[in-house]
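This briefing presents selected features of one protein structure, grouped by topic for reference. Please read it alongside the sequence and coordinates displayed below.

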Amino acid sequence: MPSPRGFPTNPTKYCAADSGFQRPPELGPQESSQLPAGPPLGSQAALAVHRAGNLVAPCLTSSASATARWRASAAGKMSPTPQLFSLPEARTRFTKSTREALNNKNIKPLLNTFSQLPGSENEKKCTLDQAFRGVLEEEIINHSSCENVLAIISLAIGGVTEGICTASTPFVLLGDVLDCLPLDQCDTIFTFVEKNVATWKSNTFYSAGKNYLLRMCNDLLRRLSKSQNTVFCGRIQLFLARLFPLSEKSGLNLQSQFNLENVTVFNTNEQESTLGQKHTEDREEGMDVEEGEMGDDEAPTTCSIPIDYNLYRKFWSLQDYFRNPVQCYEKISWKTFLKYSEEVLAVFKSYKLDDTQASRKKMEELKTGGEHVYFAKFLTSEKLMDLQLSDSNFRRHILLQYLILFQYLKGQVKFKSSNYVLTDEQSLWIEDTTKSVYQLLSENPPDGERFSKMVEHILNTEENWNSWKNEGCPSFVKERTSDTKPTRVVRKRTAPEDFLGKGPNKKILMGNEELTRLWNLCPDNMEACKSETREYMPTLEEFFEEAIEQADPENMVENEYKAVNNSNYGWRALRLLARRSPHFFQPTNQQFKSLPEYLENMVIKLAKELPPPSEEIKTGEDEDEEDNDALLKENESPDVRRDKPVTGEQIEVFANKLGEQWKILAPYLEMKDSEIRQIECDSEDMKMRAKQLLVAWQDQEGVHATPENLINALNKSGLSDLAESLTNDNETNS
């Protein structure tokens, strides 16, 4: 049987001899790995097998097993099975490498282990993080020194820089250490944190670790005592100030809240006080001074300020107002504050401090490097009262508290309640007292004048920070504007002379006869805009004339018929008052429940200020003119009379007739649905609604609000009876 497409009749021969499917036994592993994965291109039989598949498969009985063995071997040599990631093995190797890196003080063992282990980067990073925490836990349990602990954290920082562990690992380790170690060792650890503030602020660490650092510092502050660990607490606050930018929301007092927990405790029981008794005994017997306690040139001095319990109580009671300034807006609290402040400041004024020998000695100690000790809280013991009032630094603290309090009371704070407003009397007292406080500061030694000016400058600068907080604390970092390409200068073609008005007639051509006429009515466009004929805003006298007459009790106009009750009138009245009346922007404590009530009050004010209408004396010529006008009115035709605008009387009369049918007429007077709904909301009386409709139509049409147009609208709406009645009334009145 002939083979199809010229295939050889004995393919077995070619399969065994030419194809090379069976791997020769003499080839080594390196040479066998270079064998092709498919049949060789030079063998026709192999190509036939590769293309025809099962067509010649029965012919390959002699070499089938050899081919299978060869393919399996070739597949094993070219694509070996990848090793799987083992968490216990990786953790063990990372722990061992971490110990080795600690001993060598080098991160290379960790880098080598990270590159040798199989698995993805995330798997290896997470395993290394666990290894770090495990080694750190062992060091803490074994009570190792802080140096070993910090060495592990330094390795973690290097690992983040090399990209072999997550960015949050150093911060997690720091949190674990500070939670487990006592406070004395936490001081050493926090010194390391302070020195690396530049590292924490870098792009690699900041976004990943800022929340960890903030939580760590807050947890540490909760463990510390504000009175015993004052310096440590201050270091933490300074570190946070250096770490976070000024616009960081977590570090800002956005709502201007006060530290109400800072309560000054003093003796509030007068019976337990020994101030008056002790002061008398000291004055009579003097103070016993041991030998060598004071210098030879220094004599024991007694306090020259008479101190009793009332002064002691009033003085320390002021700290509650400095703690919570909002109390000053309450009437009773303000009176108490005023009374106590006047007495305390009177003591400061009466007993001024001189630059005595004691103060000179204090200055010499400062110049020679003597330590100046500050306390976080005032000492309120009665025994120290006389010494405190005689101390210049103590006086400066109290006077500075006054200035800070006054600045808050006078300042504009965004979150301050609208009820917190000072009266004129309070503002005047604060202004006078501020001058007195600055005067006392300048008289207080040493360098009082210089200190007073410095404080004033600092408080003035504080106004800028208040404004910044009121604006929502925007960031100080300005983003760079994208580099825009320079704009190409476009040359404009020169316009023809006749268009610019430089021709013989100097007329500007607008391309249309009517536009050209309108444009050239006035040669100067600005003068045309300033023309008096373009002034459409009425004066206060003209607009409120009707309302003033209605507000007069002698005219006995009912409230429902007054113009101020019309919403359209009220809206236009507010706009006119805002443009022409100074009363609109004046603050007032009077509260108005509705707009008509407010307009009624404004109308009464305007009636008192505006001049009354002058009554002209009628002469004979005026009477003749009136007679002529009457004759002209009699000779007027009905068509001419119907072209005049409707009057208020006509609207009043016709509104009573229109009544409930006002809503049928409204669409034909070109009233919008929103205006119709507004009329329905303003009043429930049908006659009042009809009147509002006609008044709104009159305001909308102006001089075109004539009886003729109203009659046409009535006919179109199907209200022919009312149209005929209006026609008859118009002819009768004329």
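What percentage of the 734 residues in the protein chain do buried residues make up? Buried residues account for 32% of them. The model is predicted, and the protein chain contains 36 helices and zero strands.

**Overall architecture**

- Among contacts in the protein chain with a separation of 6 or more, 70% are between residues 24 or more positions apart.
- The protein chain has an accessible surface of about 49800 Å². Carbon and sulfur atoms contribute 51% of this surface.

**Salt bridges**

- Eleven salt bridges are found in a search of the whole structure.
- One of these pairs R235 with E194, with 2.8 Å between the closest N and O atoms. This pair connects distant parts of the chain, since R235 belongs to helix α13 (residues 230–243) and E194 to helix α10 (residues 183–195), 41 residues apart.
- E194 counts as buried because its relative accessible area is 18%, which is below the 20% cut-off.
- R222 and D219 form a salt bridge through their side chains, at 2.6 Å from N to O. Because the two residues are three residues apart in helix α12 (residues 206–223), about one helical turn separates R222 from D219.
- The two partners differ in accessibility class: R222 is exposed at 63% relative accessibility, whereas D219 is partly exposed at 29%.
- A salt bridge also joins R323 to D320, where the closest N and O atoms are 2.5 Å apart. Both residues are located in helix α15 (residues 309–323), three residues apart, or about one turn of the helix.
- R323 is buried, with a relative accessible area of 19%, while D320 is partly exposed, with a relative accessible area of 29%.
- Elsewhere, R99, E138 and E139 are joined into one network by salt bridges that share partners.

**A buried glutamine in helix α15**

- Helix α15 also holds Q319.
- Q319 is classed as buried because its relative accessibility is 7%, and buried means under 20%.
- When neighbours within four places in sequence are left aside, Q319 is in contact with T264, F378, I398 and Q401.

**Surface patches**

- A patch of negative charge on the surface is made up of E541, E542, E545, E546 and E549. Helices α25 (540–543) and α26 (545–551) are the elements that each give two or more residues to this negative patch.
- Helix α26 supplies the largest share of the negative patch, namely three residues.
- E549 is placed in helix α26. Its class is partly exposed, because its relative accessible area of 45% falls between the limits of 20% and 50%.
- A nonpolar patch on the surface is formed by M510, L515, L518, W519 and L521, which together have about 490 Å² of accessible area.
- Within the nonpolar patch, L518 is placed in helix α23 (residues 513–519). L518 is partly exposed, at 46% relative accessibility.

**Backbone geometry**

- Most residues other than glycine have a negative phi, and most peptide bonds are trans.
- The peptide bond from P445 to P446 is cis, and its omega is near -5 degrees. P446 is situated in the loop between α20 (424–443) and α21 (448–470).
- D447 is not a glycine, yet it has a positive phi of about 55 degrees. D447 is likewise found in the loop between α20 and α21.
- M556 is another residue that has a positive phi, about 50 degrees, although it is not a glycine. The loop between α26 and α27 (567–580) contains M556.
- M556 counts as exposed because its relative accessibility is 71%, and exposed means over 50%.

Key
Residues are numbered from 1 along each chain as its sequence is written. This is a predicted model: local features need pLDDT of at least 70, side-chain atom pairs count only at pLDDT 80 or more; totals for chains, interfaces and linings use all residues. Side-chain values use heavy atoms; hydrogens and water are left out. Patches are made of residues with over 30% relative accessible area and no salt bridge: like charges are joined within 9 Å, nonpolar side chains (Val, Leu, Ile, Met, Phe, Trp, Tyr) within 5 Å. Accessible areas come from the Shrake-Rupley method with a 1.4 Å probe; for residues, only the protein chains shown count as cover. A salt bridge is a side-chain nitrogen of Lys or Arg within 4 Å of a carboxyl oxygen of Asp or Glu. Lys and Arg count as positive and Asp and Glu as negative; His and the chain ends are not counted. The place of a charge is taken as NZ of Lys, CZ of Arg, CG of Asp or CD of Glu. Helices (H or I, at least four residues) and strands (E, at least two) are DSSP runs, numbered from the N terminus. Buried means under 20% relative accessible area, exposed over 50%, partly exposed in between (1.4 Å probe, protein chains only). Contact means heavy atoms within 4.5 Å.
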